[in-house]
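Visitor: I would like to go through the terms used for this model and see what each one rests on. Please set the values against the cut-offs.

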Amino acid sequence: MNDHYLLEARELSCEREDRLLFENLSFILNRGEILQVEGPNGAGKTTLLRMLSGLMPMHEGELLWHGEPMSQCGDDFLSEMLFLGHKTGIKTVLTPFENLRFWSASRFAVADEVLIDSLEKSGLGGFEHTPCHSLSAGQQRRAALARLHLSPATLWILDEAFTAIDKQGVDELEQWIGMKAAAGGSVILTTHHRPAHYSRFRHLKLGDSR
Amino acid sequence: MTEFNGLQKPGLRQSFFAAIKRDLLLAFRRRQDLANPMVFFVIVVSLFPLGVSPDKSFLATSAAGVVWVAALLATLLSLDGMFRADYEDGALEQMVLSSQPLFILVLAKIIAHWVVTGIPLILLSPVLSIMLHLDQAVMGVLFLTLLIGTPVLSLIGAIGAALTVGLRVGGVLISLLILPFYIPVLIFGTGAVKAAESGMSFEAYLSIQGAILMLALVLSPFAAAAALKISVAN
């Protein structure tokens, strides 16, 4: 491991529809840390997460990955980052297994048993080959969360990942997040519920400037 | 993190074929969408004898043009759906964020689109040209022009679909953006059949169509991938 921070944001600003969402936002994320982005609706949480994942271009500020500017990292960053947004990309006409198969096909080579195993860990044992349109919203969300078990990514960016899943699912997800951090990974997440206590947990509040 | 060390990045070819397979499977599971362009194609072509003239000589001379215009419109109709579903359910975001180059995945989607809309139109065209009394001798030429021309329609159309996927009024805008670029394909497609009908050499037309296909094949996946990145950013 190198001695740089995993992710460093310098002076990020974002303006949408003539409204300043955040300005001069700087933070550092180390390996093993969990960062919760907090703020009221419309404070720019999703926008910030999309910016960090590289989906949205930054107009001001700079992002550093392992101490290098993001523009020079390219594929290295993409293969080490997993982004899960409001919209999960789950196809309802495909089964959870097919969804996971095709999702992983452009990322890493895995055997079918590993995919099945991930789906089982995600609480979809027995539903691997049921089309997603006959599953509940929570089960569809779990089909997307199965990616977390599969991916070797160092950084997880989870936007409202707790939506629609039941209490047991929330507890399990919190455990995975804790285990991820304990294994040296990092997680950035937004959620309105207050997660359990992790050892290296930090908050980032948006929307105070209004 | 030793538990993850076994995971390798798949080859480009592997990801490419998986992406084609995914789109074909999606199309196959939504069979009613699959039939739309075909039904439209058949309806438009069969309205000409009814609406204009059932006269054999009129139909024979206009057959190539009618089939080509109908194929073009049927493709145009299907373009809006090329990226729309993936955009709305977030699959496009995951595509942009995958570690494979986006243009490879876009090319896979374009090929799948052609297989699902282009190939059925090509296969239907001999039946429709018999209905329109097209000279049997030039039917093969029409078939060839469609074979070379319809991939171009999917390739160029992908750029328009990618640019407008983030907009609510995409459908009309695609037509306005893309139609000017379809016109050369149409002209050389029908030109080849006309030349063959009058006994002249038609190979030059096919060559030009082939050149357009190569140009589109090389350039449009990059253009469409760049357009998708912009659409996803908003």
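Guide: This is a predicted model. In chain B, helix 3 (residues 56–79) packs with helix 7 (residues 136–164) at an angle of about 30°, and their axes are 10 Å apart.

Visitor: Why is helix 3 of chain B called roughly parallel to helix 7 of chain B?

Guide: The angle is about 30°. Angles under 35 degrees count as roughly parallel, so helix 3 of chain B is roughly parallel to helix 7 of chain B. The crossing of these two helices is right-handed.

Visitor: Which residues of helix 3 of chain B and helix 7 of chain B meet?

Guide: From helix 3 of chain B come B:Ala64, B:Val67, B:Ala71, B:Leu72, B:Thr75 and B:Leu79. They meet B:Leu142, B:Leu146, B:Thr150, B:Leu153, B:Ser154, B:Gly157, B:Gly160 and B:Ala161 of helix 7 of chain B. The contact residues divide into nine nonpolar, five polar and no charged. Gly counts as polar here, which places B:Gly157 and B:Gly160 in the polar group.

Visitor: Why are helix 3 of chain A and helix 4 of chain A called oblique to each other?

Guide: Helix 3 (residues 96–105) and helix 4 (residues 112–121) of chain A pack at about 120°, with axes 10 Å apart. The range for roughly perpendicular is 65 to 115, and roughly antiparallel needs an angle over 145. The value of about 120° fits neither term, nor the one for angles under 35 degrees, and the rest count as oblique. Helix 3 of chain A is therefore oblique to helix 4 of chain A. Their crossing is right-handed.

Visitor: What makes up the contact between helix 3 of chain A and helix 4 of chain A?

Guide: A:Pro96, A:Phe97, A:Leu100 and A:Arg101 belong to helix 3 of chain A, and A:Leu115, A:Ile116, A:Ser118 and A:Leu119 to helix 4 of chain A. By class there are six nonpolar, one polar and one charged. Arg counts as charged, so the charged residue is A:Arg101.

Visitor: How do you know that strand 6 and strand 9 of chain A stand at the edges of their sheet?

Guide: The open sheet has five strands in the order 6-7-8-3-9, with parallel pairing. Strand 6 (81–84) and strand 9 (201–205) each have a single partner strand, so one side of each lacks a neighbour in the sheet.

Visitor: What makes strand 6 and strand 7 of chain A a pair?

Guide: At least two bridges are needed, and these strands are joined by four, in the parallel sense. In one of them, A:Met81 has A:Leu155 as its bridge partner in strand 7 of chain A.

Methods. Residues are numbered from 1 along each chain as its sequence is written. Chains are lettered from A and ligands numbered from 1 in the order in which they are written. This is a predicted model: local features need pLDDT of at least 70, side-chain atom pairs count only at pLDDT 80 or more; totals for chains, interfaces and linings use all residues. Axes are lines fitted to C-alpha atoms, for helices over the stretch in contact, and angles run from 0 to 180 degrees between N-to-C directions. A crossing is left-handed if the near helix is turned anticlockwise from the far one by less than a right angle, and right-handed if clockwise. Two residues are in contact if their C-beta atoms, placed from the backbone, lie within 7 Å.
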